[in-house]
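Me: Hi! Could you walk me through this structure?
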Amino acid sequence: MSLTTLKEVLAYAETKKAAIPAFNIDNMEIVQSIFKAAEEEQYPLILAVGQAAIKDGRMALLAASARTFAEKSSFPVVLHLDHGQSLEQVRMALDCGFTSVMIDGSKLPFEENIRISEETLKLARAAGASVEAELGCILGTEDDISHDDNKPFLVRTEDVKAFNEAITVDALAVGIGNAHGIYKGLPNLDFERLAEVNDISVVPLVLHGGSGIPADMIQRAISLGIRKINVATEVRLAYVKGITTAISTGDFYPIANAGKAEVYNLVKGKIQLFKNGMVD
Ligand code: G3H
Ligand code: ZN
């Protein structure tokens, strides 16, 4: 199957009242393991390429690898730019065949966030791709992107309303107390706010910082309209844990396979959770 758009898989998630996982991919072993789990689950996938991978020069390589696997798959796959930092980066991703781009304008003043999201929409639409924007801030730090502690971080309903009136993106990431990286203690998610935002949002909502959010909170978030959940840190930790346990073999394939096995187990569990009891 050729790559599909974020808009398409989120519409499917809406019909199933479920969420689609967006897993960050950082190397080919991770891509292999994610596909193995998704193939068994026959569930749509979003493969996200983030800023650390891009900084390391992996955008085109990861895109090619994702496309190769997607072409052989029997379920929809989206190739997504995670936390896009500029229009130039959006262009680069679209040139590499990404079918979805996130523009992270959350640090900008509101009007500028609208403007850069609008520009991103023009570029993406010309390439037939989807757009995710962000309102409110995701706490914590990931790939050198961190929240400014002096800024309010919770999404405001009036901003969602104004944003939706100004432009129509395909997905909206919302800050509801979620954080990148592993949570210190239990996440403090503002579910009331999520419910309010979902009531007025015309586009599907995205939960970033999916690593370490307990299953019951994930289920609640999905029941309140979250349709895409991003997981990065747990995927990386799983891979590192796997290769560490096998490092004493000193042998490449046993080490790589141990990393793959951990990622596969993690991803399979997340897909089953995000399916939210869905039956075909
Ligand atoms: O954009 C990526 C994510 O929001 C992943 O967050 O590393 O906490 O899972 P995480
Ligand atoms: Zn994120």
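Reply: Happy to. Donors here are N, O and S atoms within 2.8 Å of the metal (3.2 Å for Na, K and Ca), and water is not among the atoms, so sites may look incomplete. This is a predicted model, where local features need pLDDT of at least 70, side-chain atom pairs count only at pLDDT 80 or more, and totals for chains, interfaces and linings use all residues. Residues are numbered from 1 along each chain as its sequence is written, chains are lettered from A and ligands numbered from 1 in the order written, and side-chain values use heavy atoms, without hydrogens and water.

Me: What spacing do the donors of the zinc ion (ligand 2) follow along the chain?
Reply: The spacing is H-x96-H-x27-H. His83 sits in strand E3 (residues 77–84) and His180 in the loop between strand E8 (171–174) and helix H8 (191–200), so this pair ties together parts 97 residues apart in sequence. Helices (H or I, at least four residues) and strands (E, at least two) are DSSP runs, numbered from the N terminus.

Me: Which atoms bind, then?
Reply: His83 (NE2), His180 (NE2) and His208 (ND1), lying 2.1 Å from the zinc ion (ligand 2).

Me: Is His83 buried or exposed?
Reply: Buried, at 3% relative accessible area. Buried means under 20%, exposed over 50%, and partly exposed in between (1.4 Å probe, protein chains only). His180 counts as buried too, at 10%.

Me: Switching topic, how many helices and strands are there?
Reply: The chain has eleven helices and ten strands.

Me: And what share of the chain is buried?
Reply: Buried residues make up 57% of the 280.
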